[in-house]
Amino acid sequence: MVDNTQITKTISLENYGIKGAKVHYQLTSKELQEETLRLKQGVESSSGALAINTGEFTGRSPKDRFIVKDEVTKDKVWWGDINLPFDPEKFDKLYNKVVDYLGGKEIYARDAYACAEESYRLNIRVINEYPWSNMFAYNMFLRPDVSEIENFKEDWLVVNAPGFKADPETDGTRQENFAILNFSKKIALIGGTGYTGEIKKGIFSALNFILPVYKNTLPMHCSANVGESGDTAIFFGLSGTGKTTLSADPDRRLIGDDEHGWTAEDTIFNFEGGCYAKVINLTEENEPEIYHAIKPGAILENVIMDKKGVVDFEDVSITQNTRVSYPLEHIDNTQQPSIGENPKNIFFLTADAFGVLPPISKLTPGQAAYHFISGYTAKVAGTEAGVDEPVPSFSACFGAPFMPLHPTKYAEMLSRKMKASNVNVWLVNTGWTGGPYGTGSRMKLKYTRKMISDALEGKLEDVEFEKHEIFGLQMPKTCDGVPSEILNPKNTWKDKESYDLKAKQLSEFFRKNFRKFEEYANDEIMQGAPVE
Ligand code: ATP
Ligand code: MN
């Protein structure tokens with residue numbers, strides 16, 4: 001691991017408008033952990049990880065994510081509910097207020113970069129109010145070595161002030177918190193929220209504009225790993241569908257767990273230098289790689305611990321979205337640098353709480369495009385309130401909140417690349433089997449892993465398939481180590497009629513959601529729609 005203990009360089013933040021700050025520049029992760037403890041903003045867990053609470057916000061706030069609308073962005077960004085416009089002058093005023101607020105404080109600054117592929121590298125300077133946010137940036141971005149620090153020049157600046165609160169009346173925000181991207185000034189301005197994920201997803205959103213517009217590269221919300229023979233696999237999916245969990249595979253080298261680019265030179269590269277895993281119900285037995293990554297250097301977020309610092313991963317009294325961030329080096333089997341060849345297999349992960357979709361099915365190119373644009377998963381509505389009906393959730397490209405361009409821009413690129421590379425595309429339901437949420441149960445992780453590894457090893461090539469009556473998906477009839485009856489979801493439901501009803505209901509949700517994309521879709525893609 002890169003250790004920056006030899007750094008003697010100091011930087012001033014006066015140029016950014018931050019006056020009279022005491023700047024802690026490029027501290028090591030150990031020093032940042034000590035700072036956090038000194039300021040009583042965190043404690044140490046029994047395994048030596050730092051545990052912090054992110055405050056009022058324990059997740060991203062998509063309604064408070066803005067993009068400055070100006071010459072650079074106005075004709076390119078897909079404006080609407082997802083990409084909310086922000087006035088350039090309002091941005092300047094708010095920026096000035098934030099840097100005024102940071103003036104005179106102890107500030108944590110560091111230089112890092114995104115994109116493991118050298119020619120795509122984006123240098124980032126991160127300025128944080130809190131030491132643990134700065135440690136998060138150390139964990140999640142790539143770490144320059146000492147020589148690279150000497151003449152470091154940033155391409156983008158992240159200013160992160162969780163303690164600053166905006167005044168919506170005068171500042172042009174929706175509420176006190178905000179995350180605003182300014183592509184002309186190359187600044188991500190984040191305030192009023194301590195949720196660390198805003199930092200990484202801010203830069204991700206910036207790259208989701210920069211790479212397709214200027215670099216002919218497809219940015220993807222996916223994880224990636226590579227097998228012994230150099231075969232790359234990527235896993236798309238919305239939050240909670242299994243990108244991080246399933247990419248941590250002891251038999252395959254991890255490239256990254258969340259954000260990658262697919263270049264015109266037929267490579268896949270990680271944007272990040274670390275992982276950000278969910279830890280709800282984490283066990284050593286089910287997810288040993290992640291469990292063992294929780295050691296000194298890792299940051300646990302919003303977990304509950306006993307007096308000895310032992311974490312109770314089942315305790316969700318702060319949030320369901322408990323997390324841990326750690327540098328990639330905390331995983332044993334990684335690909336260094338984080339670059340792979342064109343993928344041989346693509347998995348679309350969905351956590352279907354209706355229990356309708358098959359645990360694994362093979363997609364035609366048309367189905368692949370259709371499901372990518374749809375970006376389906378299902379959420380389980382607040383169980384506390386006694387509501388146990390699943391709610392379908394469609395998010396184009398499996399990551400609409402992070403995509404500044406129209407979804408079809410990314411979909412077209414992906415379709416072209418999938419065809420050119422002759423890749424296998426699989427739809428994997430990591431959600432419910434045996435009935436919907438409430439009646440059925442979550443797919444066993446060990447079965448999902450087995451189906452995926454058989455797909456990767458080509459073992460599903462010679463088996464018989466059957467076609468799903470309603471979705472038209474090709475389902476394998478057998479997979480070693482997995483009970484055959486679960487491969488066709490209808491077999492797992494007691495009441496076959498209610499299965500058909502649910503499946504038709506879900507198919508209707510798909511159609512309704514897709515209407516807004518129909519004008520962009522050709523015949524092949526429309527052939528990928530559910531058949532009934
Ligand atoms: P995010 O984009 O928010 O990082 P993610 O796609 O990386 O989300 P994971 O962190 O991998 O999602 O979360 C998947 C969760 O579901 C984990 O808590 C995992 O233990 C659980 N899980 C249960 N059953 C399965 C299964 N069959 N396959 C995958 N994950 C499962
Ligand atoms: Mn993840």
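This section describes an open sheet, the annotated binding-site residues and the salt bridges of a predicted model.

We may begin with the sheet. Eight strands are arranged in the order β1-β6-β7-β8-β10-β9-β4-β5, forming an open sheet of 8 strands with mixed pairing. Its edges are β1 (22–25) and β5 (84–86), each of which pairs on one side only. On average, neighbouring strands are turned by 25° against each other, direction ignored. Within the sheet, β7 (residues 122–128) and β8 (residues 156–161) run parallel and are joined by 5 bridges; here V126 stands opposite V158. Two helices can be placed against this framework. Helix α1 (residues 29–38) lies across β1 and β6 (106–114), at about 150° to β6. Helix α6 packs on the sheet as well, touching β4, β6, β7, β8, β9 and β10, and its direction makes about 150° with that of β8.

Helix α6 (residues 197–214) also carries K201, which brings us to the annotated site. The unreviewed UniProt entry places a "binding site" feature at R60, Y195, K201 and R323. K201 counts as buried, because its relative accessibility of 12% is under the 20% limit. Beyond its sequence neighbours within four places, K201 is in contact with R60, H221, D258, E259 and F402, so R60, another annotated position, is among its contacts. K201 further belongs to a network of salt bridges that links K200, K201, D258, E259 and E272.

R323, in strand β21 (residues 323–327), is likewise buried, at 11% relative accessible area. Its contacts outside the four-place window include Y195, S239, Y276 and E301. A polar atom of the R323 side chain lies 3.0 Å from the backbone oxygen of Y276.

Turning to charge pairs across the model, the count comes to 24 salt bridges. In one of them, D64 and R174 bring their closest N and O atoms to 2.9 Å. D64 sits in the loop between β3 and β4 and R174 in the loop between α5 and β9, so the pair ties together parts that are 110 residues apart in sequence. D64 is buried at 1%, whereas R174 is partly exposed at 42%.

A salt bridge with closest N and O atoms 2.9 Å apart also connects R143 to E329. These residues, in the α3–α4 loop and the β21–β22 loop, are 186 residues apart. R143 is buried at 11%, and E329 is partly exposed at 32%. Finally, K490 and E469 meet at 3.5 Å, N to O, with their positions 21 residues apart in sequence counted as separation; K490 is buried at 19%, while E469 is exposed at 54%.

Definitions and conventions
Residues are numbered from 1 along each chain as its sequence is written. Chains are lettered from A and ligands numbered from 1 in the order in which they are written. This is a predicted model: local features need pLDDT of at least 70, side-chain atom pairs count only at pLDDT 80 or more; totals for chains, interfaces and linings use all residues. Side-chain values use heavy atoms; hydrogens and water are left out. UniProt positions are given in the numbering used here, feature names are shortened, and annotations may be inferred rather than shown by experiment. Helices (H or I, at least four residues) and strands (E, at least two) are DSSP runs, numbered from the N terminus. Buried means under 20% relative accessible area, exposed over 50%, partly exposed in between (1.4 Å probe, protein chains only). Contact means heavy atoms within 4.5 Å. A polar contact is a pair of N or O atoms within 3.5 Å; within protein, one must be able to donate a hydrogen and the other to accept it, and residues adjacent in sequence count only if both atoms are side-chain atoms. Two strands pair if DSSP finds at least two bridges between them. Axes are lines fitted to C-alpha atoms, for helices over the stretch in contact, and angles run from 0 to 180 degrees between N-to-C directions. A salt bridge is a side-chain nitrogen of Lys or Arg within 4 Å of a carboxyl oxygen of Asp or Glu.
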